[in-house]
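Thanks for coming, everyone. Let me put the model on the screen and walk you through it.

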Amino acid sequence: MAGIPFPMDPVYAHIPATPYRSHAHPPLAFPTPSAPATPGVGSLTSHAAVDDILFGCEDFLGKFEAWAAAKRKDMEEKRVEHFKTCEELRENEIQLRKAIDVAQTEAKERQQALDKQQQEALARESEVAELRTDKEERRATRDELAHEMRKITAEIQRRKQGTSSHVFRLFKKYLSDLMSTHIEIQNKTALEQRREQEEIELQRNKPELELYRQMLAMEIKTVANDVLRFEFTHINDADWDEKYYFTIDISVRGVYTVTECSPMLPDLALREAWIRRSNDFYGFLKLMRKGFAEYVKAQKTSRK
């Protein structure tokens, strides 16, 4: 019987192939009888035993070959499965290496971003420290300037109060003289004498009028006989030279009538009633200037 080789698998390549040797018995040699004899019972029994042995060997060999074939098939399937597993492991290894490379790259980028953020944070802290130092310096400078400004303002107020009191006293005297002159002129009949007297008073009071214009930002003009115009400036901080004026008729003694007012004040009638009742012309001038200032402030508020 031919030998049964092992499967050619790399796993079993180092094992030398040993062919199966058949255990078939050589043909039995029976003794040749010298003379015919009658077959006996013993010879028949020997032949039957040999046939049983041969049949058993053939059955064993068939089963062994079937087992060997199944074993070869199983080993082939395991070999294929092993190769498939190895391939999957190699693919997994490649994917893992790629994932590791990606993770390392991301970690490197995150570290770089973190380093950059730390540098920016340090730079911002340095800028904040510089700004804080600059703020403290500016605050100290501001406090120093505010102190100096308060001192200067107090000095200006002190000087202004002294100067204003003197100027106001002169202005009151001027108004009193003006009213006295007006009363005197009313008692005269000749128009020429009145004009001559007015010219004399004007020339005499011209220095005082210039002082009022410079110190009180107010100018007095004669529009007509017994009609005076009072012009105020330095009321609107947007334009210090803008003029606000009113014209007043003083022809009737004790009765003052405002004939023109620019801009027109809404409560002008109340102010006229006040001067007629109090006969305080100096207070009336202060009241009119305050009215113009309130008018400018109301205009600015309405524009906002």
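I will go through aromatic contacts, one helix, some backbone details and the salt bridges.

One caution before we start. This is a predicted model.

Aromatics come up first. Searching the whole structure gives ten aromatic pairs. Take Phe230 and Phe281. Their ring centres are 5.4 Å apart and their planes meet at 55°, so this pair is tilted. Where do the two sit? Phe230 is in strand S2, residues 227-232, and Phe281 is in helix H4, residues 281-303, so the pair ties together parts 51 residues apart in sequence. Both rings belong to buried residues. Phe230 has a relative accessible area of 0%, and buried here means under 20%. Phe281 is buried too, at 7%.

Now widen the view. Ring pairs link a cluster of Phe230, Phe232, Tyr244, Phe246, Tyr256, Phe281, Phe284 and Phe292. So the pair I just showed you is part of that cluster, through Phe230 and Phe281.

Next, the surface. Which residues form a nonpolar patch there? They are Phe60, Phe64 and Trp67, and together they have about 340 Å² of accessible area. Phe64 lies in helix H1, residues 41-187. Phe64 is partly exposed, with a relative accessible area of 31%.

On to helix H3, residues 268-278. Its buried residues are Leu268, Arg271, Glu272 and Ile275. These cover an arc of only 100° around the axis, which puts them on the same side of H3. Look at the face turned away from that buried side. There you find the exposed residues Ala269, Leu270 and Arg277.

Now the backbone. Ser262 and Pro263 are joined by a cis peptide bond, with omega about -5°. Pro263 is in the loop between strand S4, residues 255-262, and H3.

Two residues have positive phi without being glycine. Asp226 has phi of about 65°. That residue is in the loop between strand S1, residues 218-224, and S2. Is Asp226 buried or exposed? Buried: its relative accessibility is 15%. The other is Asn279, with phi near 60°. Asn279 is in the loop between H3 and H4.

Last topic, charges. Side chains of opposite charge can pair when their charged atoms come close. How many salt bridges does a search of the whole structure find? The count is 15.

Start in H1. Asp59 bridges to Lys63, with the closest N and O atoms 3.4 Å apart. The two are four residues apart in helix H1, which separates them by about one helical turn. Asp59 is partly exposed, at 37% relative accessibility. Lys63 is exposed, at 55%.

Further along H1, Arg110 forms a salt bridge with Glu106, and their closest N and O atoms are 3.9 Å apart. Again these are four residues apart, about one turn of the helix. Arg110 is exposed, at 54% relative accessibility. Glu106 is partly exposed, at 38%.

Finally, Arg229. This residue has two contacts to show. One is a salt bridge with Glu231, the closest N and O atoms being 3.9 Å apart. Arg229 is partly exposed, at 21%, whereas Glu231 is buried, at 6%. Salt bridges with shared partners join Lys221, Arg229, Glu231, Lys243 and Glu260 into one network. The other contact is with a ring: Arg229 lies over the face of Tyr245, 4.5 Å from the ring centre.

That is the tour. Over to you.

Terms used: Residues numbered from 1 in each chain as written. Predicted model: local features only at pLDDT ≥ 70, side-chain atom pairs only at ≥ 80, totals over all residues. Heavy atoms only, no water. Phe/Tyr/Trp six-rings, centres within 6.5 Å; stacked < 30°, edge-to-face > 60°. Buried < 20%, exposed > 50% of the residue type's maximum accessible area, 1.4 Å probe, protein only. Lys NZ or Arg CZ within 6 Å of the ring centre and 35° of its normal. Patch = residues over 30% accessible without salt bridge, like charges linked within 9 Å, V, L, I, M, F, W, Y side chains within 5 Å. Areas by Shrake-Rupley, 256 points an atom, 1.4 Å probe, with all protein chains shown as cover. Salt bridge = Lys/Arg side-chain N within 4 Å of Asp/Glu carboxyl O. Arc of directions from axis to C-beta.
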